[in-house]
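This report concerns a helix and a strand, and the way each is placed among its neighbours. The sequence and the structure are shown first.

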Amino acid sequence: MSTARVLTARLLSARLRAACLAAVCLLGACLPLPAGGAMASAGPPVPVAVVQGLQPLRLAGEGSYRWFGLLIYEARLWVGQQGYRDSDPGAAPFVLELRYARSLQGSRIAEASVEQMEKVGAGSAEQRKAWLQAMTGLFPDIRKHDRLAGRYEPGQGVRFFLNGAPLGGQLDDEFAQAFFAIWLSPRTTAPSLRAALLRDAAPQP
């Protein structure tokens, strides 16, 4: 083989290696790793400010909620080392994130939440009335692809975030238990979604 052909072959080989390396680097940049080093499933993890205190962060499970076949949102449950226990749901911090597939009015989200709280037997009628008022003043209108997350802190309650930015102050523990029961209580009206969220929620040694 002539010297020119050898040089051309080497140049093409070098370019091919460079292209492959660039592709690998690009792929790696598109696959975020949550704290603790375990790779999450497809899609970015919730912002660091939302999952503060959940180190090492772990995706317990995820699923979707549909209404008459229409996708309303995708849900994810993030836990720390203590995980989540049915027997003591208020024992450890966790984050429940909803990624909406369509636009919804904040007032309607609040109303639907109270309706579900009543169905799972959470709170009294008077409490639910107060919770409806609190949520109506807190939840903004949601646009398609918005991410609404609730971070639970044991004994303190829940703080909500929209696309990583905090929404108002913290709501008390009693409200938090009632709110998260919508998805995590054995009495939920969406048992399949609950099972998907709790798939890997058990505490780790």
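## Helix 3 and strand 3 in the predicted model

The model is predicted. On one side of helix 3, Ala-125, Glu-126, Lys-129, Gln-133 and Gly-137 are exposed. The buried residues of this helix, on the other side, are Arg-128, Trp-131, Met-135 and Leu-138. Viewed along the axis of helix 3, these buried residues fall within an arc of 85 degrees, so they line one face of the helix. As a general matter, an α-helix has 3.6 residues a turn, so residues three or four places apart point the same way.

Helix 3 spans residues 125–138, 14 residues in total, and reaches 20 Å from its first C-alpha to its last, close to the 20 Å expected at 1.5 Å a residue. The cover over its buried residues includes helix 2 (106–119), strand 5 (157–162), strand 6 (165–171) and helix 4 (173–184).

Strand 3 (residues 94–100) is mostly covered, with seven of its seven residues buried. Phe-94, Leu-96, Leu-98 and Tyr-100 point one way from the strand, whereas Val-95, Glu-97 and Arg-99 point the other way; both sets are buried.

The pairings of strand 3 are as follows.

| Partner of strand 3 | Bridges | Direction |
|---|---|---|
| Strand 2 (residues 70–79) | Seven bridges | Antiparallel |
| Strand 4 (residues 147–153) | Six bridges | Antiparallel |

Individual positions illustrate these pairings. Leu-96 in strand 3 stands opposite Leu-77, and Leu-98 has Leu-148 as its bridge partner in strand 4.

Definitions and conventions
Residues numbered from 1 in each chain as written. Predicted model: local features only at pLDDT ≥ 70, side-chain atom pairs only at ≥ 80, totals over all residues. Heavy atoms only, no water. Helix = DSSP H or I, 4+ residues; strand = E, 2+ residues; numbered from the N terminus. Expected span 1.5 Å × (residues − 1). Buried < 20%, exposed > 50% of the residue type's maximum accessible area, 1.4 Å probe, protein only. Arc of directions from axis to C-beta. Contact = heavy atoms within 4.5 Å. Pairing = 2+ DSSP bridges.
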